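Okay, I think everyone's here, so let's get going. I've got one structure for you today, and I'll put it up now.

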Amino acid sequence: MGFLIREAEPSDASALATLHIAAWREAYTHLLPSGFFSEEHIAGRHKMWAQVLGKPRDGSSVQVAENHGSLVGFAWTGATTETEKQPPPRERQLYAIYVLASHYGTGAGQSLLDEALGNDPAMLWVAKENPRAIAFYVRNGFRFDGAEQTDPAAPRITDARMIR
């Protein structure tokens with residue numbers, strides 16, 4: 001199962017939104033409230049990715065993994081977005097990295113992370129209820145630093161911060 005890692009382009013926005021929603025369904029449906037994937041949510045993801053790719057923030061980057069013309073994963077990085085009273089622990093953040101379950105174990109996730117961050121210091125937020133993702137990050141040198149947060153839209157998911 002081969003794949004190509006490349007920089008996302010504005011024309012990828014719709015496919016990227018669809019991938020993002022599919023990956024969330026695979027990873028978190030059992031933790032999300034009923035009706036989470038509403039038409040409004042889906043439209044919001046499409047709008048978000050059109051904006052992210054159409055008007056990228058300075059320093060942000062979106063890498064995609066493509067297999068036979070279809071997107072199967074992505075990694076999105078940029079400057080830390082935290083609004084804490086104290087400085088964030090790292091200047092660079094992995095905002096999101098997802099690979100479709102059908103491509104777990106193919107190396108797509110590792111290739112995306114390597115392309116997006118290399119071995120640079122960074123921080124990320126991971127769902128504490130996602131042991132597969134946590135193991136991946138630990139293998140890549142990340143560790144928990146004790147910070148946690150919840151999203152009101154997904155109250156059964158607690159995110160924990162990891163740094164390296």
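I'll start with the whole chain and then go to a few spots in it.

First thing to keep in mind: this is a predicted model. So what's in it? The protein chain has 4 helices and 7 strands. If you walk along the sequence, the order goes β-α-α-β-β-β-α-β-α-β-β.

Now the overall dimensions. The C-alpha trace spans about 40 × 35 × 30 Å along its principal axes. For 164 residues you'd expect a compact globule to have a radius of gyration near 15 Å, and the protein chain comes out at 15 Å, so the two agree. Of those 164 residues, 47% are buried. And if you take the contacts with a separation of 6 or more, 63% of them link residues that are 24 or more positions apart.

A word on the surface and the charges. The accessible surface is about 8,800 Å², and carbon and sulfur atoms account for 52% of that. There are 16 positive and 19 negative charges, and their mean positions sit 4 Å apart.

Okay, let's go inside. Have a look at strand β5, residues 123-127. How many of its 5 residues are buried? The count is 5 of the 5, so β5 is largely enclosed by the rest of the structure. As a reminder, side chains in a regular strand alternate between the two faces of the sheet. Here, M123, W125 and A127 are on one side, L124 and V126 are on the other, and every one of these is buried, which leaves both faces of β5 covered.

And what does β5 pair with? Strand β4, residues 92-99, runs parallel to β5, with 2 bridges between them. One residue pair to click on there is Q93, whose bridge partner in β5 is M123.

Moving further along the chain, there's N140, in the loop between α4 (131-139) and β6 (143-151). Buried or exposed, this one? The relative accessibility of N140 is 14%, and buried means under 20%, so N140 counts as buried. Who's around it? Skipping neighbours within four places in sequence, N140 contacts Q110, L113, D114 and R164.

Last stop is the hairpin. β6 and β7 make it, with 2 residues between them. The two strands pair antiparallel over 6 bridges, with β7 covering residues 154-163. If you want a pair to look at, Q149 stands opposite D159 in β7.

That's my tour, thanks for listening.

Methods: Residues are numbered from 1 along each chain as its sequence is written. This is a predicted model: local features need pLDDT of at least 70, side-chain atom pairs count only at pLDDT 80 or more; totals for chains, interfaces and linings use all residues. Side-chain values use heavy atoms; hydrogens and water are left out. The radius of gyration is taken over C-alpha atoms; the globule rule is 2.2 Å times the number of residues to the power 0.38. Buried means under 20% relative accessible area, exposed over 50%, partly exposed in between (1.4 Å probe, protein chains only). Contact means heavy atoms within 4.5 Å. Accessible areas come from the Shrake-Rupley method with a 1.4 Å probe; for residues, only the protein chains shown count as cover. Lys and Arg count as positive and Asp and Glu as negative; His and the chain ends are not counted. The place of a charge is taken as NZ of Lys, CZ of Arg, CG of Asp or CD of Glu. Two strands pair if DSSP finds at least two bridges between them.
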